[in-house]
Each structure stands twice: as structure tokens, then as C-alpha cells.
Amino acid sequence: MERIPILKMGPYLLVTIQVDMHDRVAMTLQDELTERIVSERARGVLLDISSVDVVDSFIGRMIGNIASMSRILDAETVVVGMRPAVAITLVELGLALPSIRTALNVDAGMALLKSAGKSNNGRPAR
Amino acid sequence: MGQNMQLAEEIRNRQDAILKDWIGYQLSALTLRRDLLKESELREVSQRFLELFAEAFAATSDSASLSWKAVKDNLAEISRARALQGFSPSETATFVFSLKQPLFDLAQQRAGHDGKRFAELLWDLTTLLDKLGLYTTEVYQEIRESVIHRQQLELMELSTPVVQLWDEVVALPLIGTLDSNRTQVVMENLLQRVVETGARIAIIDITGVPTVDTLVAQHLMKTVAATRLMGADCIISGIRPQIAQTIVHLGVNLNDIITKATLADAFQVALHRLGATVTKSVLP
Amino acid sequence: MAVLRDELIGLRSMDDIIKARQVVRECAILQGLSLVDQTKLVTAASELARNTLIHGGGGEMRLQALNDGSRRGVKVIFVDSGPGIADVELAMKDGYTTKGGLGLGLSGSKRLVNEFEIDSKPEKGTTVSIVRWR
């Protein structure tokens, strides 16, 4: 069974989704990610979906879960590279993903995470 | 269907004579576009068709049968070519219909003495050729419609180019009335350009749009939502008083979208959000 | 109207859902649907396939390529003989949720396609059919 690789990029973790995801793969990813956030003391997660051509409510839920769980572990999630066709479909589907931050690509995502880190009021620097 | 096979055999034997008559009829039909078709080409095309026709007819006179597939494919090719060349649908159908006379002549020679048999043969031939003739017009229609469809798409794309105003800022000046179809194409184009240019802000200017109805307003909102999902943002500029009224009457909620009166204002806001400033240098 | 292609795909596992998506995508491409329309159709199919598997206890997906004169489209039909839906109207309302999460996806899927039909009764299973035209 495929596993989605999680790469460490400085204080952040980069997850690049390139396969049509199975439920089990998605569950494994969420488990592994939460463990890595803690063990690496990551301050942010970059979820790269630029190779994903379909996001249905299941994947949408997974993205939402990852963002919520990361936040609880004091890491921000940024979803990068959403394709236009996917964005249009999600809007039509009514999946707003309102509390999720997004960026056009990994670079922009990292810039967003950095500036978010700076304006982290009152949180102790790690 | 021994009779069919006999006639098919006859068609093959008398091919040259039939072709001569048939091409004669095609050329004399006043509508034939001599400028578009050379006689040698016509002969080649007609001969090929006649061969396939004879082969299929030997098997059955039911054009819906699989034996007629090769003939139909051949006809479809011819129709396609003629549609693209600019022939009218009747000119294209004439290709098939003008084959009636030569085949009736042949049938007359074969079965003229037997009234009943002659009538049957005539009926078979005429229904067959009618169906094939109509088939050419169907194919013709399809081709013309797909050409028109393609031209419409091209026109829609050309008429609303996305302009890169600055690093990370693009603008889409919309002009003219927007219908649901056009709006969708235009919006998809905008999103694609946002990805290509890495723009963080897209300004949609509707100064040149006289009216906005519910569907268009909804499309605009969806475009803004989709842009945000992708990681960029939108500013809408050029909302004229009448449109502002329409939007309020329609109950569309613009609260969390930045709107500016002019494209210039929107550009200023965009620059500000990106942390850029513009300074004038004073000449000494 | 001509049905050019008629395929039956079993939906009994997660792998089947992935296969279903690929097959629908292929058909949509062959029928000439635009990228956005393809994505909408495949997304709706993914939602409904999931429903069939998870709520319907497994079932089948039927894929058809349609030719209606100059109109070309793709029709997908999902059938299961599961528990069925007691109140279809309620299930079609936005935001309706069972078993947690973002709901049955029925109302959302409906918005992604041109034609949507659902037939479901308790104990009698569910049939959903969708069409997306070019």
C-alpha cells in the first residue's frame, strides 16, 4: 500500500499528495502527520495538492481534519496548489473550507507560514 | 436476397456507364459548386462510393444493417469534407440523390418487364437512397454545429483577455453583456491565468458591463470564492450605481469582497496589500 | 438518442471507487467535456460511488456515453440494494448529515451535473442517475 511521504523543510512539514487516495492511505497520513508534528516540533504544514485532480467531500474532510489537528498541536496548515477546475467544483459543491489557509504554490505557502509565525501573539517562540 | 446480389453484380459490371450518368447529373445540378470541386476528384469520390454501395447492396437493402457501415462511414467523410469546404447541406445531399436516376435506369433494364418486381426494386432503392441522403445532412449538421461551437469559444476567450498589471496582480476588464455561458468561460480563463502568472490578486473590472443579472452575480461570487480557495484574492471594480442597486435587490451578499469604484482604485488597493508603493521622482 | 458505450462496474471496495473515477474521467474526455465539466462529473461520481459503498452496502455503477444529435454527454447510474433513504427530500437538503462529516453529498452532487434523478425507498435500495452534457 502506498504511503504519502512527509518531508521536513526547516520548521515545516511538506506533504505532497500525488496519488488517487484510498481511505486507508488517508487515515495513515493523518496519523503519521500528527506524530511527526510533535516529534519534529513542526510549526507549520504545507499540504501540496497541485497533482490532485478531484477533491470530493471525503478528501475535503481529510484536509479539514489535518488543519484542525495541526492547529491543536500549534502548527498552521496551508493548502497549496489547488487546481482551478478543483476550486470551481468545490465552490459548486458547497465545500467552503472556510478556516483553511491557501496559497498558490509551496513558496507562497512558506511565506504565509513565516508571516503567520511572526504575528503569533503571545505564543512562546519555539 | 438473390435479387439484390444480381443488381449489385450489374452495378459492378456497368460501373463506368453508371458513373458517367451519375457524374453528369451531379455536374448538371445547378447547385454544384464547380469552383470548389474538380471533376477528377468527383470521379474518384463517386467511384469509391459506388463500389462500397454495390458491396453493401449485395448483402441487404436495409441501411441500418452492419453491412452498410462502410458506406455510411464513407458518406460521413464526404459530408464532413464538404461541410468544411463550405457546401450547403442540399448540395451535399445531391451527391446521393442524383444516384437515383442511373440506378432506376438500371433497374428498368433488369426488371422492366416484371411490373411487380420492378416496383419492389424501385421502392427499395428509393428508400435506401433517401435514408443515405438524409444521413449526409445529419453529419453535415453535426460538423457545422461543432465549427460554430468552436468559433464561439474562441471568440469568448479572445474578447476577454486577462492582463497582468504588476507582479502578482492581474486584471480582467469585462466588456459587453455577460450571459451565463460567457461568464463561465471567462472566469475559468481568469483562474487559469492566476495559476500561470502566480498572481495573488485578481481585479475584475465590470465598468463595461451594462447589466448584471442573478446568474452573472452568482458566477462572480463563485469566481471570488474559487480564487480564494486557490490562494489568491479578488477585488471587484467598476460597479456602476445601477448595478449596485441590482445587486442589493437580488440579495447578493458582497460584504466580504472588496469593491472599488474604479480599476485605478482597485489597483492602488492591490499594491498596498502586496506591500508595494509607488513614488514619483521629481526632476531637478 | 444513441447510447455509444454501456459499462457496468461493481462497487464493492475502495479500490472500486478509484477505478470508477478513472473510468468516468476517461469517458468524459472521450465525449469532449471541458476540463471543468469533467472534474465536476468525476467529483459527483466519486461522491455517489462512496454513498453506494458506505451507505448502500455496495452496489454497481453503470456508465454510458450518450449521443443526442449533436449533443454529447455522459450518464452514470448508481444502484444499491441497501437500506434506502426514508426521506429523500430531507436528504437532498443542503447540510443534511448522517454518520458525521459533510453529509451524503447528494445536494452537492446535484449541483455539479445537468440531470439528476434519485429513487429510493426504505428496504428497497437506492438508484441515483446523473448526466453531464458537453
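Let me begin with the place where H3(A) and H8(B) meet: Pro84(A), Ala87(A) and Ile88(A) in H3(A) touch Glu188(B), Leu191(B), Gln192(B) and Val195(B) in H8(B). Two residues are in contact here if their C-beta atoms, placed from the backbone, lie within 7 Å. By residue type, the contact of H3(A) with H8(B) comprises 5 nonpolar, 1 polar and 1 charged. Ala, Val, Leu, Ile, Met, Phe, Trp, Tyr, Cys and Pro count as nonpolar, Asp, Glu, Lys and Arg as charged, and the others, Gly among them, as polar.

I should state the basis of these remarks. This is a predicted model, in which local features need pLDDT of at least 70 and side-chain atom pairs count only at pLDDT 80 or more, while totals for chains, interfaces and linings use all residues. Residues are numbered from 1 along each chain as its sequence is written, and chains are lettered from A and ligands numbered from 1 in the order in which they are written.

To return to the geometry, the axes of H3 (residues 84–93) of chain A and H8 (residues 180–197) of chain B come within 9 Å and cross at roughly 130 degrees. Axes are lines fitted to C-alpha atoms, for helices over the stretch in contact, with angles from 0 to 180 degrees between N-to-C directions. Helices (H or I, at least four residues) and strands (E, at least two) are DSSP runs, numbered from the N terminus. H3(A) and H8(B) are therefore oblique to each other; angles under 35 degrees count as roughly parallel, over 145 as roughly antiparallel, 65 to 115 as roughly perpendicular and the rest as oblique.

How does this fit into the wider interface? In total, 12 residues of chain B are in contact with 12 residues of chain A. On the chain B side, H8 and helix H9 (214–230) each supply at least two residues, and the largest share, 5 residues, comes from H9(B). That side divides into 7 nonpolar, 3 polar and 2 charged residues.

Chain A also meets chain C, with 19 residues of chain C in contact with 18 residues of chain A. Helices H1 (14–30), H2 (35–54) and H4 (106–112) of chain C each give two or more residues to that side. H2(C) provides the largest share, 9 residues.

Finally, chain B itself has 11 helices and 5 strands. Its C-alpha atoms fill a box of roughly 105 × 50 × 30 Å, taken along the principal axes.
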